[in-house]
Amino acid sequence: MPRTALRICPLCEATCGLTLTIEGTTVTGARGDRDDVFSRGFICPKGASFGALDADPDRLRTPLVRRDGVLREATWEEAYDAIAAAVPALVREHGAQAVGVVLGNPNVHTMAGALYPPLLLKALGTRNLFTASTLDQMPKHVSSGLLFGDPFAIPVPDLERTDFLLLLGANPVESNGSLCTAPDFPGLLKALRARGGKLVVVDPRRTRTARLADRHLAPRPGSDALLLAALAHTLLAEGLAVPGPLAEHTEGLGELGTALASFTPEAVAPACDLPATEIRALARELAAAPTAAVYGRIGSCTVEYGTLASWLVDVLNILTGNLDRPGGALFPLPAAGPRPRPAGPGKGFAMGRWHSRVSGHPEVKSELPTAALAEEIETPGEGRIRALIAIAANPVLSAPDGRRLDGALAGLDFMVSVDPYLNETSRHAHVVLPPPPPSQSAHHDFAFNGFAIRNQVRYTRPAVPLEADRLDECEIHARLVLAVSGMHGAAAPSAVDETAIQATLRKETADPHSPLHGEDPARLAGLLTGETGPERRLDLMLRLGPYGDRFGSEPHAEAAAEVRPGASGRGTDGAPEGGLGLERVLAHPHGIDLGPMRPRLPSVLRTRSGRIELLPDPIAAELPRLRAALAERPAALVLVGRRHLRSNNSWLHNVPALVGGSNRCTLQVHPHDADRLGLTDGGRARITADGGALDVPVEITDSVRSGVVSLPHGWGHDRAGSRLSVAAADPGVNVNQLLDGTRLDPLSGTAVLNGFPVELTPLP
């Protein structure tokens, strides 16, 4: 008989609750969980295809080990034996920096990806860490680190209560949101307008989000920072900047006007290709709104001035008094996150504590630019990366110049890939460790709850029992930690979790600010519940978190205020009295609503001054470079990427239900440009840029502005040796091959994936 089970969807940042229909051990259907306290039944095509992804016949079932140059099926013991024999020996001979680690975007969509990579990096001792952040969101981490002292203190637009929303470089109707975890983003935007609010979208394409807007501005790609600077200048010059209570928590307000004096609407208008009158009108509208939020995403991050644009987003929220204010942009308080600390000076945010070996790129948030990975493998000398551990990562498609990286990976002494597929990157591995299908994994969103528009907590255990020949994804990671640290066979995987628990409790009980100060760590560890090591760690994080039960000790005052039954008035799953722990969360299978976001300043600040540092030195030093852009002559034709509702980077192109239709790898060209260049709809063209050329099918559409072409990200599934049968049948082209990796935002090391110049020629 069919049965149902709950599962939080791991396929995008919306984290919707699903109700799965299961026959035997097969997921035969997925619908939105109407009782989910967060998503309330919303589902998108990605979530609806959960069963097809789960049962994809191309998913690897057993480990692969390279023997005589060929990847062959192997046992788990053989796979870990190979890792344990290779990685520690390489470290002994060449040092810890001979090993690199690459973390892909799917890591933050799994429990294992949140819990174990920090332990792996500590075991290896390497500083060669590369992640998807430098291909996406690192500018926002940098700007938040500089402004607030914490790179994870990212304000989120209060979509349910705002009166005015300004979106830049974001297409949440198709992406479902990013650094803003919000199920049913389209519905929230429609509700904003229905209650009399306004939506303004800034995007060079008339996206599905732009079509919902009251106003759509289509500037030149890459000019976001100039436009935002002109908006801030107008607020200051016209006396419209009213930070209100934020003023007492902010330093640098007086200097900001001088720093932005050059960026008048008239000065930036030619570079943005927007009328100065329209820029001034937007600034005045923003200032006049009862509440407002400015939100910028990947289109404003993956450009030449991405960090400045990210900084200016929050400058506008501060100048209008909308930061940390209901209806504006607030800081979420996730249940498994750190508890609030007393306000006061912190350690601040430092960059450049070390640099990459070859090009000298500064470290940011302990990461180096992914665009530099190939040269770190290829270039001889001490510290060359000889071994690589790639976890849920496909940088051959996601990073610039995939051909060069493809060749570099082939020259590694040893590579481990934790991946369910043999894809364009994992095909180079010497050992592939495949995690089980998502139905067989437990789920809690450690990362995305920190960006959620409503505070809540949910946890789902595996919907389907783990098959006998598979390992749980968390155990795969724990065993990997043991193998690289020389402990393979000497300790059980559970020892990795228990070591992490003990380390956390020792730190907590030694903290004079903690209600557990002076307690016995071993006694507290004995009180933890959970059937597995990861569950015990989740229980610990919930108990120590802002709503936690503190093992029965007196709750923190701020936490006590947050935890109250029926806080939201929505449903019956209010936060239980006495605080949270795993057992309380398990008792609420549809989640616990912890209420709307609330003001959190100044306790969220960790800057050295204990205040918002509005004009930090690295930002001030970067402004002259932006000022120089005012005199630059714009390129005749530039490229931007685009998102598809039924896609997520390169993940989902092997699911038949999610490819085809609008989800196609075509080059969108405006009719005026097509006429000028002699292109025809459905014909082909050669597109050329710094990194090479691609032959692409042309789609002529007025949804993209003149002077701009658009090619989606995540395609190029045409390399021999991968096993992605559906994706290979319609491979598309890899847009990042047009880049050679030299175009970076200097403050964050993020690759410039949007707004770079290209040339087009028609093909017969």
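Biologist: Why is Cys-16 called buried?

Modeller: Its relative accessible area is 7%. Buried means under 20%, exposed means over 50%, and partly exposed lies in between (1.4 Å probe, protein chains only). Since 7% is under 20%, Cys-16 is buried. This is a predicted model: local features need pLDDT of at least 70, side-chain atom pairs count only at pLDDT 80 or more, and totals for chains, interfaces and linings use all residues. Residues are numbered from 1 along each chain as its sequence is written, and side-chain values use heavy atoms, with hydrogens and water left out.

Biologist: What makes Cys-272 buried?

Modeller: Its relative accessible area is 0%. That value also falls under the 20% limit, so Cys-272 is buried.

Biologist: Why does Cys-16 form no disulfide with Cys-12?

Modeller: A disulfide is a pair of cysteine sulfur atoms within 2.5 Å. The closest cysteine sulfur to that of Cys-16 is in Cys-12, at 6.1 Å, so it is too far for a bond.

Biologist: And why is Cys-272 not bonded to Cys-301?

Modeller: Their sulfurs are 17 Å apart, so they are too far for a bond. By this rule the count comes to zero disulfides.

Biologist: How do you know that strands S23 and S24 pair?

Modeller: Strands are DSSP runs (E, at least two residues; helices are H or I, at least four), numbered from the N terminus. Two strands pair if DSSP finds at least two bridges between them. S23 (residues 684-689) and S24 have six, so they pair, in the antiparallel sense. Ile-687 has Leu-694 in S24 as its bridge partner. Two residues lie between S23 and S24, which form a hairpin.
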